[in-house]
2 protein chains.
Amino acid sequence: MAQTPLAQDEFRPASTAGEARRLQILDIAARHFRTRGYAAVSMRDIATEAGMRTPSLYYHFPSKDDLVIAVMDRGIAVVRETVAAALDALPPDAGAKPRLVTALRAHLHALHSLSDYTSANVRIFGQLPEALRRANLPERRAYQAIWSELLAPTCAAEQSRLPERVAIFIGAMNATLEWVDPARTDLEALADHLAQVLLDRLLEDVGA
Amino acid sequence: MAQTPLAQDEFRPASTAGEARRLQILDIAARHFRTRGYAAVSMRDIATEAGMRTPSLYYHFPSKDDLVIAVMDRGIAVVRETVAAALDALPPDAGAKPRLVTALRAHLHALHSLSDYTSANVRIFGQLPEALRRANLPERRAYQAIWSELLAPTCAAEQSRLPERVAIFIGAMNATLEWVDPARTDLEALADHLAQVLLDRLLEDVGA
DNA sequence: GTCTATAGGGAGATAGAC
DNA sequence: GTCTATCTCCCTATAGAC
């Protein structure tokens, strides 16, 4: 939802004034993409909220494609850095399950309350023309690598299923964006619930 | 992917010739929405593939909104009827887990190989303006009711978590649309994998 | 850096002939 | 039922002054 200036600056010190303007435009674009989708947001919408006319945007970004690619790449970068930082804060001997729960919490935090970039990415990835989706794939693959490592211990004997399991986990976490109440306060409870579903056995009786 | 005429007619006998034309247009629209998203598909695209000019479409549907609502509602109706039929085919004394696995398989089947309507619904729901999304909610709630019943036994002492758990399950199943290889032949294996992740314990050691 | 003016195209939709 | 012709609107993007 709302990004605190702190949460934003954490990931990118804006040195020059020109750079600050560029980041301001990106912030506005990410927020609009997140709430209204890709095609529904026009360059005019973004310009208006930035207090300028449409053509002025083209001084900062050569095209709408370039703007949306910048938003998409930052979206993955933020969640990757958030998850990596949370994992680094764990004791070095932490087991597979606490590491998974920690990563899951960090991912949901980035997605739901930290970054409009991450939620915009999840929201509009499927709406982009194929060329723009492809541009985001390197970032996505780098993030998936983290979850490959986290989930490897759960695929003990069958590492061939690992890529699909990574996709199931990331897909399940991202899907919470579509139905969770935006006014929800207890993100911790959602994370715990998701961890329970994905990591624990839900039923005792396994017979027919 | 491809819909067999059989799979389509199963859910709607087209009595008159006019009705058949209407259904043909809906089929084309669903297939395009499924592959290219909502905003990217124009009335012209649909008309061209139906072998007519754009204005002729407006004889069958008063607006693009009406057309897309018809596709969306059918998308949920198909998956609901598919899952309900699969559950009805089970022995009456089937336990909670086999019922869940059966429903999960039927859902993935409708989503991945039976119906362009269901996959279009999942794909474009998040792209629609709020008014169109709201129009699809009654259908969605009717479908969620099935999963509420299926998942109730997994929420033994805490039925308050049931709605969220329903959303987690449906979200996780639907998320497979975004990353699964369209040429994938072994849908059974995907369903089994998803069932394992959602229903079984993935890790033995639960310590820190 | 931002502006006014505008090009150029595609969208949804309507009028009215056939 | 389908057509041609057209309206209106909004989009991305560019030209060129300031």
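**Notebook: two DNA strands and a helix pair**

I began with DNA strand D, which has 16 residues around it; Y58(A), K64(A), R53(B), S56(B) and H60(B) come nearest. A reminder to myself before going on: this is a predicted model.

**Entry 1, strand D.** I wanted to know which part of the strand faces the protein. Of the atoms of DNA strand D within 4 Å of the protein, 70% are sugar or phosphate atoms, and the rest belong to bases.

Next I looked up some phosphate contacts. In chain A, the side chain of S42(A) has an N or O atom 3.3 Å from a phosphate oxygen of DNA strand D. For Y58(A), a side-chain N or O atom is 3.1 Å from a phosphate oxygen of this strand. In chain B, I found a polar side-chain atom of H60(B) 2.7 Å from a phosphate oxygen of DNA strand D.

Which helices supply at least two residues each of the surface near DNA strand D? I noted α3 (43-49) and α4 (54-60) from chain A, along with α2 (17-36) and α4 (54-60) from chain B. Of these, α4(B) gives the most, with four residues. By type, I listed seven nonpolar, five polar and four charged residues on this surface.

**Entry 2, strand C.** Then I turned to DNA strand C. It has 15 residues around it, and R53(A), S56(A), H60(A), Y58(B) and K64(B) come nearest. Here 68% of the strand's atoms within 4 Å of the protein belong to sugar or phosphate, with the rest in bases.

The contacts I looked up here involve both side chains and backbone. R21(A) places a polar side-chain atom 3.1 Å from a phosphate oxygen of DNA strand C. With R53(A), a backbone N or O atom lies 2.6 Å from a phosphate oxygen of the strand. From chain B, a polar backbone atom of K64(B) is 2.8 Å from a phosphate oxygen of DNA strand C.

For the surface near DNA strand C, α2 (17-36) and α4 of chain A and α4 of chain B each supply at least two residues. The most come from α4(A), which gives four. I listed seven nonpolar, five polar and three charged residues there.

**Entry 3, a helix pair in chain B.** Last, I checked how helix α6 (residues 96-114) packs with helix α7 (residues 116-124) in chain B: the angle is about 95° and the axes are 6 Å apart. That angle makes α6(B) roughly perpendicular to α7(B). On the α6(B) side I found A110(B), L111(B) and L114(B), which meet D116(B), T118(B), S119(B) and V122(B) of α7(B). The residues of this contact divide into four nonpolar, two polar and one charged.

Conventions:
Residues numbered from 1 in each chain as written. Chains lettered and ligands numbered in written order. Predicted model: local features only at pLDDT ≥ 70, side-chain atom pairs only at ≥ 80, totals over all residues. Heavy atoms only, no water. Near = heavy atom within 4 Å. Polar contact = N/O pair within 3.5 Å; in protein donor to acceptor, adjacent residues only side chain to side chain. Nonpolar A, V, L, I, M, F, W, Y, C, P; charged D, E, K, R; others polar. Axes fitted to C-alpha atoms, helices over the stretch in contact; angles between N-to-C directions. Parallel < 35°, antiparallel > 145°, perpendicular 65-115°, else oblique. Contact = heavy atoms within 4.5 Å.
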